[in-house]
Amino acid sequence: VQLQASGGGLVQAGGSLRLSCAASGRTFIIYDMGWFRQAPGKEREFVAAIRWSGGSPVYADSVKGRFTISRDNTKNTGYLQMKSLKPDDTAVYYCAADTWARVLNGKADYWGQGTLVTVSS
């Protein structure tokens with residue numbers, strides 16, 4: 001499956017953005033998916049994940065209550081709605097797809113190219 005992340009941009013602190021992850025190739029519905037991010041000079045970190053069915057969303061503590069992960073299997077697209085953004089959320093955001101365990105541990109086989117989110121103070 002090929003993944004294409006989009007929706008990043010420049011936003012002021014407190015603002016919102018919605019990232020999209022469009023899938024093509026193999027059937028997207030069979031994969032669990034997640035979002036990760038990598039800030040400048042830091043390692044990539046887990047943000048959120050969701051089961052193939054759209055259930056069981058999990059979040060990193062740093063984004064819980066502010067970010068919402070979802071997916072629309074009819075459109076082969078996953079989403080990350082981000083609200084109350086902070087400068088610390090500035091990073092390149094990547095979507096990933098694979099089995100649940102491989103998504104959660106960051107070892108998914110399928111990754112999008114990343115989309116940059118910059119939050120100004």
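Colleague: Quick one to start: what relative accessible area does Arg-102 have?

Modeller: Arg-102 comes out at 33%, so it is partly exposed. Here buried means under 20% relative accessible area, exposed means over 50%, and partly exposed is in between (1.4 Å probe, protein chains only). Keep in mind that this is a predicted model, where local features need pLDDT of at least 70, side-chain atom pairs count only at pLDDT 80 or more, and totals for chains, interfaces and linings use all residues. Residues are numbered from 1 along each chain as its sequence is written, and side-chain values use heavy atoms, with hydrogens and water left out.

Colleague: Which residue does Arg-102 form a salt bridge with?

Modeller: With Asp-109, and the closest N and O atoms are 2.9 Å apart. A salt bridge here is a side-chain nitrogen of Lys or Arg within 4 Å of a carboxyl oxygen of Asp or Glu. Asp-109 counts as exposed because its relative accessibility is 51%.

Colleague: How many salt bridges does that rule give?

Modeller: The count comes to 6. Some of them join up: Arg-37, Glu-45, Arg-66 and Asp-89 are linked in a network of salt bridges.

Colleague: Let's stay with Arg-37. Is Arg-37 buried or exposed?

Modeller: Arg-37 counts as buried, because its relative accessibility is 5%. One of its salt bridges is with Asp-89, where the closest N and O atoms are 2.9 Å apart. That pair links distant parts of the chain, 52 residues apart: Asp-89 is in the loop between β8 (77-82) and β9 (91-98), and Arg-37 is in strand β4. Strands are DSSP runs (E, at least two residues; helices are H or I, at least four), numbered from the N terminus. Asp-89 has a relative accessible area of 1%, so it is buried too.

Colleague: And Glu-45, how far apart are its closest N and O atoms in the salt bridge with Arg-37?

Modeller: They are 2.6 Å apart. Glu-45 has a relative accessible area of 34%, so that residue is partly exposed.

Colleague: New topic, rings. How many aromatic pairs are there in the whole structure?

Modeller: The search finds 3. In one of them, Phe-36 and Phe-46 sit edge-to-face, 5.6 Å centre to centre with 75° between the planes. Phe-36 is in strand β4 (residues 32-38) and Phe-46 is in strand β5, so to speak in distant parts of the chain, 10 residues apart. The cut-offs: rings of Phe, Tyr and Trp (its six-membered ring) pair if their centres lie within 6.5 Å, and planes under 30 degrees apart count as stacked, over 60 as edge-to-face and the rest as tilted.

Colleague: Which residues form the aromatic cluster?

Modeller: Phe-36, Phe-46 and Trp-111. Phe-36 counts as buried because its relative accessibility is 4%.

Colleague: Where does Arg-44 sit relative to Trp-111?

Modeller: Its charged end is over the ring of Trp-111, 4.0 Å from the centre. Arg-44 also lies over the face of Phe-36, at 5.8 Å from the ring centre. To count, NZ of Lys or CZ of Arg has to be within 6 Å of the ring centre and within 35 degrees of the ring normal.

Colleague: OK, strands now. Which way do the side chains of β1 point?

Modeller: They alternate along β1 (residues 2-6): Leu-3 and Ala-5 point to one face and are buried, while Gln-2, Gln-4 and Ser-6 point to the other and are not. In a regular strand the side chains alternate between the two faces of the sheet. β1 pairs with strand β3 (residues 17-24) in the antiparallel sense over 5 bridges; pairing takes at least two DSSP bridges. Gln-4 stands opposite Ala-22 in β3.

Colleague: What about β11, which of its side chains are buried?

Modeller: Thr-115, Val-117 and Val-119, which point to one face; Leu-116, Thr-118 and Ser-120 point to the other and are not buried. β11 is joined to strand β2 (residues 9-12) by 4 bridges, running parallel, with Gly-9 partnering Val-117. β9 and β11 run antiparallel, joined by 3 bridges, and Tyr-93 stands opposite Thr-115.

Colleague: Last one: how far apart are the C-alpha atoms of Ser-120 and Leu-10?

Modeller: They are separated by 7.3 Å, with the two positions 110 residues apart along the chain count.
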